[in-house]
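I opened the file to look up a few items and note what I found. The entries follow in the order in which I took them up.

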Amino acid sequence: MKIFSSTAILTLLLCISASTFAADKILPYPIYQHRLDNGLNVVTVPFDSPGLASFHIVTRVGARNEVEPGVTGFAHFFEHMMFRGTDKYSKEEYSAALKSTGAAANANTTQDRTDYHMTGNSNKLELMFELESDRFLNLNYSEHDFKTEAGAVKGEYTKNFASPYSQIYEKRLETAFTTHTYSHTTMGYFKDIVDMPNQYEYSKKFFDRYYRPEYNTILVVGDVTPEQVNALSEKYFGKWERGSYVSDVPVEPEQNETRYTHLQNGDIPAFLSMSYKGPAFNDSEIDMPALDVLASIVFSSTSDLSKKLVIDEQKVRSISGGAPDSRDPNLFTIQVSMVEKDDMSYVMDEINKAIAKAQTEDVDAALLERTKSHLKYGFAMGIDTPGAIAQSLSHYIQLTGDPESVNRLYAQYDKVTAENLRMVANKYFKPEHLTIATISDDESGAMK
Amino acid sequence: MSAFIRNSLAILVLIVATQAQAIDVVELKQNNSNKVVFKIRFENGSIADPADKKGLTYATASLMTQGGAGGVSYADLQDKMMPWAAFYGAMVDKQVTTFTFQVPVDFVDEFYPLVKNVLLAPDFSEQDFKRVMKAQQNYVDQVVRALSDENYSKFALEDQLFRRGNMQSLKQGTSASVKGISLDDIKTHYRKAFTNNNVTIGIAGNYSDALLGQLKADVAKLPDFEYESVTPSKANTADGIEVEIIAKDGAFGSAIFTGAPLPITRANDEFAALMIANSWMGEHRKSYSRLYQKIRQTRSMNYGDYTYIEWYSAGGSNQLPPSGVPRASNYWSIWIRPVQIASQLKSQYQELADVSIGHAHFALRLALREFDLLIKNGMGEADFEATKTFLRSYTKLYAQSPAQQLGWLMDSRFYGRTDYLAELDSLLKNTTLQQVNAAIRKYWQTENLFVTIVTDASEAQPLADSLINNTPSPMSYSDLVKSGLPAEVLAEDDEVAVYPLNIKKVTIVQSADTFK
């Protein structure tokens, strides 16, 4: 085996110069896209990382698609099953072949997608393609392996849910959403996890529905060319048959009153979260970019609110706020770790005052520009390896299917005005769209 | 092809070690980078804490990086950096403290005075002190026990391994010791432990010679105190297998860590041989290692099972080992992620209504049996070659970003090496199967170990009884899984269930009584 030279990684450097923002795109590298006849999109971003490449397959299926009762957590579970072998490679042979790539390989699932990724020697790219093609096109596991893997998922739940924050997150989603599948976490409900071994037939249906070209995007960043990646994609994925399934994700009805949930737990500092119904990600409308800017100005560690509560008054350990990018409307959540639980009402009043100010007063123009600068430089500082670039693009592929969304989003940030900020503050921070979640040693929440 | 890509071909990489006023400097010059990374490392760490002030080094570094500096308040410092997306912070480990500052090259001139003031002119204000100490107190009082049972078991294992030594304590200290730290203690500790005699400068990215010269001159102005190096305590040798069970209300599973002293580190060439064995047995977060396949893949018992021959920071979130945690006092360990407890099994499966303990005893037996088999039989040629090849590729992924590269180079110095990752490749290349099997026999054993298990209060006593009595612990599968298991797995289970462990002591500790 040819091993990439020991100096290769040492010469791997981020290559965004001081003129980062001279171009009109936040990503200073061209994104090459090529769609195969079967609908599979292939994305290549050459990056100067001698001997190194990051290879992702973004499957646009997550907890969001779990529309049937009793199968919450299935997209994540299925991610586990993808490591369970094919006719060509048994699970043991697959493990051995994966090891032979010498890559850092793994996968993870979110509400909207599953991302399979390998970062390693670019000379092994064809082997990576072969392994991924084989399992994406020909996955074949036994019913016993299926039942066995369910135990690993239960183990994952077991280690995650030691944390009270995981427990309140589960409660928060369940309270805020009554209909949409964002009502459950990516892990799924525990009762469904325990029942997973009984869902073998459903798992085959799941694979048949979603592991199809139209739900997937191949993304390669690093020491590669688009010609090379496109040719390998054609060779290994060209025969992948397009499917026809479209999941019917239910629409969340409008919320009409403030909702509450509470976890009794005195083992950690008291905790308060306020979640407002927010928008879906959209790279052509101003709402989400404006909310991102607003979140930084009103709730970040440099906000007036944080300075008052965390630094001056020291009533709060930390405060943060923001909305995740997601395909469907999700929650804008403000989270507070308290010093004393008795101050919770006071802190909520202060948050409400900050929101009221955002709804009625224009943000200082200089602060707005500084915040935009923070967002742009923050992005530029983070993309210094093929893996980091690929991870970022994977995020936008999950949202729209198009990695150019990253460039469109950052162009939108530039357009955000003080008026936009007031607009989104009024549009989204409505008491009737609010869910309050608390943790304290009290039997019930004190915020009603 | 973009200009950035073309220009990158002309990138200059320079790794230089120079002596400036007796201060060691590690340079990694990258002229086309868009950032500058500073790493200022002090050889102190939590072992430099006075015996009655555990957590003092952590408190000092926290106050330096989360407080005002140069007469500018912490809030104003944060404000100033905000549009640059610059940041800084400190990481305290047992033997070193590393301050990392990172800034886009566009703003390095404006940022540098902040670097200087954080290092040379921390305000140490009463107001900042109160805030920082509240967070530290809260961590040792509550957070360490509440957030993650598996991290809890890992820290508790170190508490056992280094009991009565200066490596024992959490770097954040204990509930009692943190209460005793005063602002004056911090000011004194800053003068004595953050000095120009125990510091190394690291710099990477697109910096000028003038900036480096300024940095060297400024770092030389750190307190000129004759810092006395502290020797880290060695890990204790257990008398047989000594188990501490931490009983916690509301635990979902049993989180297990076990370990024993290891006299070698990255400084020793032999470490590479043991690294191959360790990777085969339990490479971190890899599905193709032995324990993972036996415990998770075949038996569905938990989320993963890994082995280590040095400290691995934040294993739950890091896929690749981070820099900044070099240690001269070493141990090897096994991490068995939470397995099921009896109360959970009973509630989930009717056929398991009668189980009295969960899977912890069986999992521990299985893991130690695998070690015994490896010690007895050694690695085979094919596994050896495959693992060596894997590691020669995989270890090159450890240092990808400029900050990671600089961190690994600085760690290299700690171990008396220049560029450990490059040297490691050569060491791995030249390692033979015989050397690997000799290292396994020399350094691994299962007779004398410390074990820590964080589990639910309901599981603690039955598990303790089972362990101390070497009671058979048959694996309790659900019928769904058991019905499809191959005969050879069930036969192996029968052996594992009665596999004798040299357990001589089992203690149950209430969660509230840990880290006091």
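Before turning to strand pairs I fixed the criterion: two strands pair if DSSP finds at least two bridges between them. The model is predicted.

**Entry: a hairpin in chain A**

I looked up strand E4 of chain A, residues 104–109, and found it joined to E5(A) by 6 bridges, with the two running antiparallel. I checked the connection, and E4(A) and E5(A) form a hairpin with 4 residues between them. For the register I noted that Asn106(A) stands opposite His117(A) in E5(A).

**Entry: the two domains of chain A**

I then asked where chain A is divided. Domain 1 covers 26–237 and domain 2 covers 259–440. I read off 28 Å between the C-alpha centres of domain 1 of chain A and domain 2 of chain A. Their contact takes 34 residues from domain 1 of chain A and 33 residues from domain 2 of chain A.

On the side of domain 1 of chain A that touches domain 2 of chain A, I listed the elements that supply at least two residues each: strand E2 (41–46), strand E3 (52–59), strand E5 (114–121), helix H5 (164–176) and strand E6 (216–222) of chain A. The largest share of that side comes from H5(A), with 7 residues. By residue class, I noted 15 nonpolar, 12 polar and 7 charged on this side of domain 1 of chain A.

**Entry: a sheet in chain A**

I traced an open sheet of 5 strands in chain A, and its order is E7-E11-E8-E10-E9 with mixed pairing. Why is one side of strand E7 (259–264) and of strand E9 (316–322) of chain A left without a neighbour in the sheet? Both stand at the edges and each has a single partner strand, so one side stays without a neighbour there. Direction ignored, neighbouring strands of this sheet are turned by 10° against each other on average.

Within the sheet I looked at strand E8 (residues 271–277) and strand E10 (residues 331–338) of chain A, which pair in the antiparallel sense over 7 bridges. Met274(A) stands opposite Ile334(A) in E10(A). I also found helix H9 (residues 287–299) of chain A packing on the sheet, where it touches E9 and E10 of chain A. The direction of H9 makes about 165° with that of E9(A).

**Entry: the core**

I looked up the largest nonpolar core and found 282 residues in it. Those with the most contacts inside this core are Leu294(A), Ala363(B) and Ile453(B). I followed up Leu294(A): leaving aside its neighbours within four places in sequence, Leu294(A) is in contact with Ala358(A), Leu421(A), Val424(A) and Ala425(A).

**Entry: chain B against chain A**

I counted the contact between the chains as 71 residues of chain B and 71 residues of chain A. Helix H5 (residues 126–146) of chain B gives the most to the side of chain B that touches chain A, with 9 residues. That side of chain B divides into 33 nonpolar, 24 polar and 14 charged residues.

**Entry: strand E8 of chain B**

I asked how many residues of strand E8 (residues 253–262) of chain B are buried. The count is 8 of its 10 residues, and the strand is mostly covered. I found E8(B) joined to strand E10 (residues 330–340) of chain B by 9 bridges, running antiparallel, with Gly253(B) opposite Gln340(B) in E10(B). E8(B) also pairs in the antiparallel sense with strand E11 (residues 449–456) of chain B, over 5 bridges. In that pair, Thr258(B) stands opposite Val451(B) in E11(B).

**Entry: single residues in chain B**

I placed Leu211(B) in helix H9 (residues 209–219) of chain B. Leu211(B) counts as partly exposed because it has 17 C-beta neighbours inside 10 Å. Leaving aside neighbours within four places in sequence, I found Leu211(B) in contact with Val108(B) and Tyr112(B). Leu211(B) and Val108(B) are 103 residues apart in sequence and 9.1 Å apart in space, C-alpha to C-alpha.

I then noted two residues with positive phi that are not glycine. Arg164(B) has a phi of about 75° and sits in the loop between helix H6 (149–161) and helix H7 (175–179) of chain B. Phi of Ser300(B) is near 65°, and Ser300(B) sits in the loop between helix H11 (290–297) and strand E9 (305–308) of chain B.

Is Arg164(B) buried or exposed? Arg164(B) counts as exposed because it has 7 C-beta neighbours inside 10 Å. Ser300(B) is buried, with 24 other C-beta atoms within 10 Å.

Definitions and conventions. Residues numbered from 1 in each chain as written. Chains lettered and ligands numbered in written order. Predicted model: local features only at pLDDT ≥ 70, side-chain atom pairs only at ≥ 80, totals over all residues. Domains from an automatic or database assignment. Contact = placed C-beta atoms within 7 Å. Nonpolar A, V, L, I, M, F, W, Y, C, P; charged D, E, K, R; others polar. Axes fitted to C-alpha atoms, helices over the stretch in contact; angles between N-to-C directions. Core = buried A, V, L, I, M, F, W, Y, C linked by C-beta atoms within 7 Å. Buried ≥ 20, exposed ≤ 12 C-beta atoms within 10 Å, placed from the backbone.
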